[in-house]
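Me: Please take me through one part of this model up close. Start with how two helices pack, then move on to the hollow spaces.

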Amino acid sequence: MNTNPLLDFSGLPRFDAAQPEHVAPAIGELLARYQALIDDLTARPDTPTWDAFAAPITDMGEQVNRAWGIVGHLHGVNDVPAWREAYNATLPDITRFYSALGQNLALYAKYKALRDSAEYATLSPARQRILDNEVRDFRLSGAELAEEQKPRFKEIQEELAALSAKFSENLLDATNAFAEYVADEALLAGLPEDSIEAAREAAQRDERDGWKFTLHMPSYLPVMQYADNRELRARMYRAYATRASEFGEKERDNTPLIARILALRVEESKMLGFASFAELSLVPKMADTPEQVMDFLRDLAKRARPHAQRDLDELRAFARNEFGLDDLQPWDMAWVSEKLRVQRYDFSEQEVKQYFPEHKVLEGLFRVVEGLYGVTIRPDTAPVWHPDVRFFRIERAGAQGPELVGQFYLDLYARETKRGGAWMDEAITRRAVSGGVQTPVAYLNCNFPSPIGEKDGKPRPATFTHDDVITLFHETGHGLHHLLTRVEDLPVSGIHGVEWDAVELPSQFMENFCWEWDVLTGMTAHVDAGEPLPRALYDKMIAAKNFQSGMQTLRQIEFSLFDLRLHHDFVPGGDRTLLQLLEEVRDEVSVVRPPEWNRFANSFSHIFAGGYAAGYYSYKWAEVLSADAFEAFEEARGAAGTVLDTATGRRFWDEILAVGGSRPALESFKAFRGREPRPDALLRHSGMAEAA
C-alpha cells in the first residue's frame, strides 16, 4: 500500500502529512504512469474515441496536476528551505515532461484524428471545444516543429520554468532581507497605532528594542501613507523600488534573469513562426493582435490623461501650499495624497479601517455571495499548512437536504515565508467521475495584517483597509468562477479554458459590491465601539471613490503597454535597453515619473514569474467587461431595491460562472448582457465619463 500523501487523491490535500521528501517519489511515479499511458494509447491502431482516449488522459493528467499543485502551493505559502529545494529539484522533471508531451506527434495525431472523426459531431459543445483547444495547444507547444528543433524547444521551456521560479524566489528573499529598525519614537509620528504596535512586536521577535519595519505590504504601506518623517519614507521607498536589482545582493539580482527570459521568449516565438512573443501569447486570448490591444490601451490613456494631469497638478499645488514641498518626490506621493484626501473629503483610510474588523468583513462577503446565488457558506474542517488558515464549504438547497457545491481555504495574513500579493488557485476541479461529480476546492490567498495586541484581555481582531476588502472580494470572484462551475469536463471546467483576458471578469465584477451601502452596512462594525459604518462616512468614501483615478488608470496602462511592447517590438540585447523602453512608454502615457534608479521591472512578477507575459493588459480589458456586467445589477436595483438581486445573480451564475471555459468568453458575456460589451460603464465608474 502506497503511503505517500501526495498520491492520495481520495479527498482533500493532506497538508498534515505531506513532507518535502514525498515530492520527488510521488511526482516521479506519476510521470512514469502518465508516460506509460501515453505510450499505450498512441500505439493503438484504432481510431481514438472520447471514452477510450481523451478521458483516460484527462484522468491521469489530473492526478499529476493535483499532486504538483500541492507542491507549487506550498512553495508559494510556505517557502521554507526544504520545500523550496523540493520544488526546484522536481520542477525540471515536470517541465521536461510537459514540454515533451506538447511535442508528441503521435499524441497530436490522435487528437486530430478524434477531432476529425464522425464522433466529434456527436460530442457536447464543451468536449468539441476541448478538442479544438488541444489541437491549438499542440501547435503552440511545438508539435509541428522539425524533429531536430524539438530538443532545443524543450530546453527553452525547462529553462524558462526555472528562471520564473528563481525570479519569484529572488524577489521574496530581497523583500525579506531588508529591515528598517527605528529607535527614536519621534520618527513614528503620523503612523497609526496598529502599525506601530505591529512594528514593536516585530522588533521583539528579533530580540531588538524599538520598532521594525519591512517591505511586506502590511508594514510598508502605512509608512508610505502616514509617516511624517520624510527621510524614513525615502529610505523605505528606495529599498522597495530597488528590490532584486543591481543595487542589492548580486545573487538576488533579477536583471540577468529578465534578459534571459526575454531572449528565450523571442527564440520560442520565432521557432513557432510568430513575429513576436506577444503574437504567440494572444492566440488563445480574446484580443486578436498586439496592435488591437495597443490601440485599446492608447485610447483609454487618451481618455484618462486629462484627469490624471489634473490629479497630479492638484497634488503638487497642495504639497507646495500646505507643506512647502516644491519638489514632490515618489516617496511623498502616498503621504501627501492621504493628507489631501483627509482635507478634501474629511476622512482618512485609517478611520475607515476601524470599521472593517475581519469577522465582519467575512460575514459581509459571505452574505453577498449567499444573496446573489442562493447558496450557504459554512465553516468546515480540513488539514491546513498554517494555523491561521481556515476552511469553508459552500452548499445549496437540494431535494434531499443541503448539497455540497465546493470548498475553499482562506489564508489571509502576510508571512515571511509567503510570496507577496493576493491570488486564487485551484486544489481540486469539478468534473464527472465514476459514481457522481467531484466537487471543486480552491485556495484564496492574501497578505493582510494579522491581529495585533489585546483588548479587554482578548486578542484584537485584524482590521482591514477598504482596499484590503476590495482585494478579498476580487480573489473571491476568482474563487467563485472556479467553485460555481457546472461544467463536468475538467479541461473547460471553472477557470480552465477561459481566455486569459477574460479571466479577470468575475474577480473585478465582485469589487463593485464593496462600494454599495446595502452591502457595507452589513459588513462593518467599529473595532472598539461596535457600531456600523456611519452613513456620513460612507458618503465621504463615495465622494472620494475616484480620487486620483486618472493617475491610477494611467499607471495600469503604463504597466500594460510596457509589458506588451517588451514582448512585441523590443529586441533583447539590441540598441535600446529595457529601461529606455520603459521611459518611452512613460513619455507616451504617464504623468508621474519615478527616479532613474527605480527598478520596477525587477519585481514585476506578474509577467516574469506569473502567467501575464504580454497579457497584463487583461486587467483593463476585463474591467470593461466587469463594469458592464455590474451595470446589469445597477439596472435591477430600480425594481429590486438592491444590487443584491437574486434573479440577476442567477443569470450571472448561469451565463458566466457556470459555463467556465466551455464556450468563448464573448459569447458568455453576450448571453448575460444581450449585447456586445461597451466601455461606458467603466468610464462612468471611474469618474471619467465626460472625457469619452
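Reply: Helix 1 and helix 4 cross with a left-handed turn (the near helix is turned anticlockwise from the far one by less than a right angle; clockwise would be right-handed). This is a predicted model, where local features need pLDDT of at least 70, side-chain atom pairs need 80 or more, and totals for chains, interfaces and linings use all residues. Residues are numbered from 1 along each chain as its sequence is written, and side-chain values use heavy atoms, without hydrogens or water.

Helix 1 covers residues 23-43 and helix 4 covers residues 105-116. Their axes lie 9 Å apart, at an angle of about 55 degrees. The two helices are therefore oblique to each other (not under 35, over 145 or 65 to 115 degrees). Helix 1 brings Ile38, Leu41 and Thr42 to the contact (heavy atoms within 4.5 Å). Helix 4 answers with Ala106, Leu107 and Lys110. Four of these contact residues are nonpolar, one is polar and one is charged.

Now the hollow spaces. The whole structure holds five cavities of 30 Å³ or more (on a 1 Å grid, points where a 1.4 Å probe fits but cannot get out; lining residues have an atom within 4 Å of a point). The largest cavity contains about 100 Å³ of space. It has 14 lining residues, with His481, Val498, Ile656, Ala665 and Ser668 closest to its centre. Helix 25 (665-673) and helix 17 (505-511) each supply at least two lining residues. Helix 25 has the largest share, three residues. The lining of the largest cavity counts nine nonpolar, three polar and two charged residues.

The second largest cavity has a volume of about 50 Å³. Leu6, Asp8, Phe9, Gly11, Pro13, Arg66, Ile70, Ala427 and Ile428 line it. Helix 2 (50-77) and strand 6 (423-428) each give at least two of them. By class, six are nonpolar, one is polar and two are charged.

Last comes the second largest pocket, at about 930 Å³ (a pocket is an open set with protein on both sides within 12 Å along at least five of seven lines). Its lining has 36 residues, and Asp194, Ala198, Pro449, Ser450 and Ile452 lie nearest the centre. Two or more residues each come from helix 7 (193-205), strand 2 (211-213), helix 8 (217-226) and helix 14 (349-353). Helix 7 gives the most, 10 residues. In this pocket the lining divides into 16 nonpolar, eight polar and 12 charged residues.

Definitions and conventions. Grid points are joined across faces, edges and corners, and a volume is the space filled by probe spheres set on the points. Helices (H or I, at least four residues) and strands (E, at least two) are DSSP runs, numbered from the N terminus. Ala, Val, Leu, Ile, Met, Phe, Trp, Tyr, Cys and Pro count as nonpolar, Asp, Glu, Lys and Arg as charged, and the others, Gly among them, as polar. Axes are lines fitted to C-alpha atoms, for helices over the stretch in contact, and angles run from 0 to 180 degrees between N-to-C directions.
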